[in-house]
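Grab a pencil and have a look at the protein below. We'll work through a few exercises together, one step at a time.

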Amino acid sequence: MLRSVARVAVVVAAVALSACPSFEKPSLSVEGAKVASVDFDGAVVALTVELEHPNKVPLLADRLAFDGFIEGKPLVHSALKQRVTVPAEGKASVKVPLRFVYKELKGALASLEDKKRWRYEVKGEIGFEPHEKLAIALPFTKDGELPAPQ
């Protein structure tokens, strides 16, 4: 009896999925970063992330998590729970605050003193729930170089 119910459930799921329109993966890009504030203990950098959604139904972004590296050394981890609506066949921007604490960065940055440019990398994922029973994690990576502070 249980096997028959399981078979019926598999057939129903297959039929339901075949009736769904195709879903294209949204794209994500890091558009910029700028210093938002500085104090005696650290600084906050505002990272701007743009989501582009090619599908005909809007998506709700529910979470964003990422790690930041300079010269391959981990410097920051952030997880943001923020509801962002990405319109159908449209774009949405998200500003993510990154808090850097000088005391924690001192050791990691000591080896970078004589370099004029620093390689950076941001890796993470943004989570969508287009349906209550479907969750999608979209990974992203952005890297480049920044001028070293003088």
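**Exercise 1.** In what order do the elements of the protein run from the N terminus on?

Solution. Start by counting: the protein has two helices and eight strands. Here helices (H or I, at least four residues) and strands (E, at least two) are DSSP runs, numbered from the N terminus. Now write them down in order, and you get α-β-β-β-β-β-β-α-β-β.

**Exercise 2.** Work out which part of the model to treat with care.

Solution. This is a predicted model, where local features need pLDDT of at least 70 and side-chain atom pairs count only at pLDDT 80 or more, while totals for chains, interfaces and linings use all residues. Residues are numbered from 1 along each chain as its sequence is written, and side-chain values use heavy atoms, with hydrogens and water left out. pLDDT is the predictor's confidence in each residue, from 0 to 100. Its mean over the protein is 75, and 81% of the residues reach 70 or more. Next, look at residues 1–20: pLDDT stays under 50 there, and the model has zero contacts (heavy atoms within 4.5 Å) for them beyond four places in sequence. Where pLDDT is low, the predicted coordinates should not be read in detail.

**Exercise 3.** Describe the largest pocket and what lines it.

Solution. On a 1 Å grid over the protein atoms alone, a pocket is an open set of points with protein on both sides within 12 Å along at least five of seven lines; a cavity is a set where a 1.4 Å probe fits but cannot get out, and lining residues have an atom within 4 Å of a point. First, the volume, meaning the space filled by probe spheres set on the points, is about 780 Å³. Second, 28 residues line this pocket, and Val-45, Ile-70, Phe-100, Trp-118 and Leu-146 are the closest to its centre. Third, strand 1 (27–38) gives the largest share of the lining, five residues. Finally, sort the lining by class: 22 nonpolar, two polar and four charged. (Ala, Val, Leu, Ile, Met, Phe, Trp, Tyr, Cys and Pro count as nonpolar, Asp, Glu, Lys and Arg as charged, and the others, Gly among them, as polar.)

**Exercise 4.** Which residues line the largest cavity?

Solution. A search of the whole structure finds one cavity of 30 Å³ or more. About 40 Å³ of space lies in the largest cavity. Its lining is Ala-61, Asp-62, Arg-63, Leu-64, Leu-80, Gln-82, Val-84, Val-94 and Ile-126. Strand 3 gives the most, with four residues.

**Exercise 5.** Is Ile-136 buried or exposed?

Solution. Place Ile-136 in strand 8 first. Buried means under 20% relative accessible area, exposed over 50%, partly exposed in between (1.4 Å probe, protein chains only). Ile-136 has 18% relative accessibility, so this residue counts as buried. Ile-136 also lies 9.5 Å from Ala-61, C-alpha to C-alpha, though they are 75 residues apart in sequence.

**Exercise 6.** Compare Glu-71 with Glu-89, starting from phi.

Solution. Most residues other than glycine have a negative phi. Phi of Glu-71 is near 50°, a positive value, and phi of Glu-89 is near 50° too. Glu-71 sits in the loop between strand 3 and strand 4, and Glu-89 in the loop between strand 5 and strand 6. With 25% relative accessibility, Glu-71 counts as partly exposed, whereas Glu-89 is exposed at 51%.
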